[in-house]
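The following note sets out points for a colleague's consideration. They are best read with the coordinates open alongside.

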Amino acid sequence: MTKTAYSHRHWNLYMNKMNFFLLHIALITSLISCTGASNNTIESISAKTSEDSIVSDTIIPEYPDIAKEYLLGKFNPQNDTMFVKVPSQYCLLRVEYIHKDVLEPFIAMYEAAAKEGINLGIISAVRTFDTQKWLWNQRYYNSSDPKAVVKSILSYLAMPGTSRHHWGTDIDMMNTKLNFFETEEGKKSYQWLKDHAAEFGFYQVYTAGRPTGYKEEKWHWSYMPVAKEFQKQYREKITYKDITGFNGSETAEDLNVIEDYVFGTDTVNI
Ligand SMILES: [Zn+2]
């Protein structure tokens, strides 16, 4: 997490406290003076407080104990209160679900980008273990060298049980084809995200030039106030015994998948 984001959050906390304080001052003033002018002050401050409500969502929520099933993608987002459906106008392909604490900051970021003609529509948000397994097994094929097969799939796709998409904190936006980011639209969108996504809590985790892990993904952004809790608890709770149940899973430990891929994220800019 960058200093900018932390200071942004602290500033928001400060501003929320200030608004609360000012509201009370205004309320006391109006009780003493009983004038319409003070009531107008209350109304304008109340309006400001509700306008600023988006920023209060950047306060880090508390996740004391995340069950292993959530870390591994073993749930059904359609009937689980940890996830909410993303309104269809924000999705480019199909109905998507997302972690409940990520929707509002995502919409705030989407709307800010839309004002500059940028479409941050979602391609993929939460993915369950079973969905990831389906994607994985489609790419897997039998070979005398299963590690080589698995390594090539791991260029862009996570093993089931190791994807940040299980957490609902990470989203693929705009377009997942490399050549999109060579177009004017792609370049402009990516530059906007690099300049502004952190203001909303979102970070590119698969940046260029990392020593391990997936290749660069300009479309994949992570809401770090929540994702960092999942990361922390993944490290504490998940072992290679949990990474099983799909083709090639026996290679996970030899390929150091947890360390190199789950934790092979950007450590410089986040
Ligand atoms: Zn992704």
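1. Helix H9 (residues 224–237) is a suitable place to begin. H9 comprises 14 residues, and the distance from its first C-alpha to its last is 19 Å, close to the 20 Å expected at 1.5 Å a residue. The model is a predicted one, and the values below should be read accordingly.

2. The buried residues of H9 are Met224, Pro225, Val226, Ala227, Phe230, Gln231 and Tyr234. Their cover includes helix H4 (68–72) and helix H10 (257–262), together with the strands E2, E4, E5 and E6.

3. As to overall composition, the protein has 10 helices and six strands. It contains 270 residues, of which 32% count as buried. Among contacts between residues at least 6 apart in sequence, 73% join residues at least 24 apart.

4. In what order do the four strands of the open sheet lie? The order is E3-E4-E6-E5, with antiparallel pairing. Strand E3 (122–124) and E5 are the edge strands, each pairing on one side only. On average, neighbouring strands of this sheet are turned by 45° against each other, direction ignored. H9 packs on the sheet, where it touches E4, E5 and E6, and its direction makes about 85° with that of E6.

5. The strand pairings may be taken one at a time. E3 and E4 run antiparallel and are joined by two bridges; Ile122 has Met173 as its bridge partner in E4. E4 and E6, also antiparallel, are joined by three bridges. Within E6, Trp221 is the bridge partner of Ile171, and Ser222 is that of Asp170. Three bridges likewise join E5 to E6, again antiparallel, and here Phe202 has Tyr223 as its partner in E6.

6. The side chains of E6 deserve separate mention. His220 and Ser222 point one way from the strand, whereas Trp221 and Tyr223 point the other way. Are these four residues buried or exposed? All of them are buried.

7. The largest nonpolar core holds 50 residues. Those with the most contacts inside this core are Ile98, Met109, Ala197, Phe202, Tyr203, Trp221 and Val257. Helix H9 gives the most to the core, with five residues. In soluble globular proteins, nonpolar side chains tend to be buried together.

8. Ile98 illustrates the contacts made by one such core residue. Leaving aside neighbours within four places in sequence, Ile98 is in contact with Phe83, Val84, Val86, Leu103, Phe106, Ala125, Val126, Gly168 and Ile171. Two of these partners, Leu103 and Phe106, appear again among the buried residues of H5.

9. Does the length of helix H5 (residues 103–114) agree or disagree with what its residue count implies? At 1.5 Å a residue, the 12 residues of H5 should span 16 Å, and the end C-alpha atoms are 16 Å apart, which agrees. The buried residues of H5 are Leu103, Pro105, Phe106, Met109 and Ala113. Viewed down the helix axis, these buried residues fall within an arc of 165°, so they line one face of H5. They pack against helix H8 (184–196) and against five strands: E1 (83–85), E2 (97–99), E4 (170–173), E5 (202–204) and E6 (220–223).

10. A final point concerns a loop residue. His166 lies in the loop between helix H7 (146–153) and E4. Why does His166 count as buried? It has 26 C-beta neighbours inside 10 Å, and a residue is buried if 20 or more lie within that distance. His166 and Thr128 are 38 residues apart in sequence, yet 5.5 Å apart in space, C-alpha to C-alpha. Not counting residues up to four places away in sequence, His166 touches Leu71, Leu72, Gly73, Arg127, Thr128 and Phe129.

Technical notes: Residues numbered from 1 in each chain as written. Predicted model: local features only at pLDDT ≥ 70, side-chain atom pairs only at ≥ 80, totals over all residues. Expected span 1.5 Å × (residues − 1). Buried ≥ 20, exposed ≤ 12 C-beta atoms within 10 Å, placed from the backbone. Arc of directions from axis to C-beta. Contact = placed C-beta atoms within 7 Å. Core = buried A, V, L, I, M, F, W, Y, C linked by C-beta atoms within 7 Å. Pairing = 2+ DSSP bridges. Axes fitted to C-alpha atoms, helices over the stretch in contact; angles between N-to-C directions.
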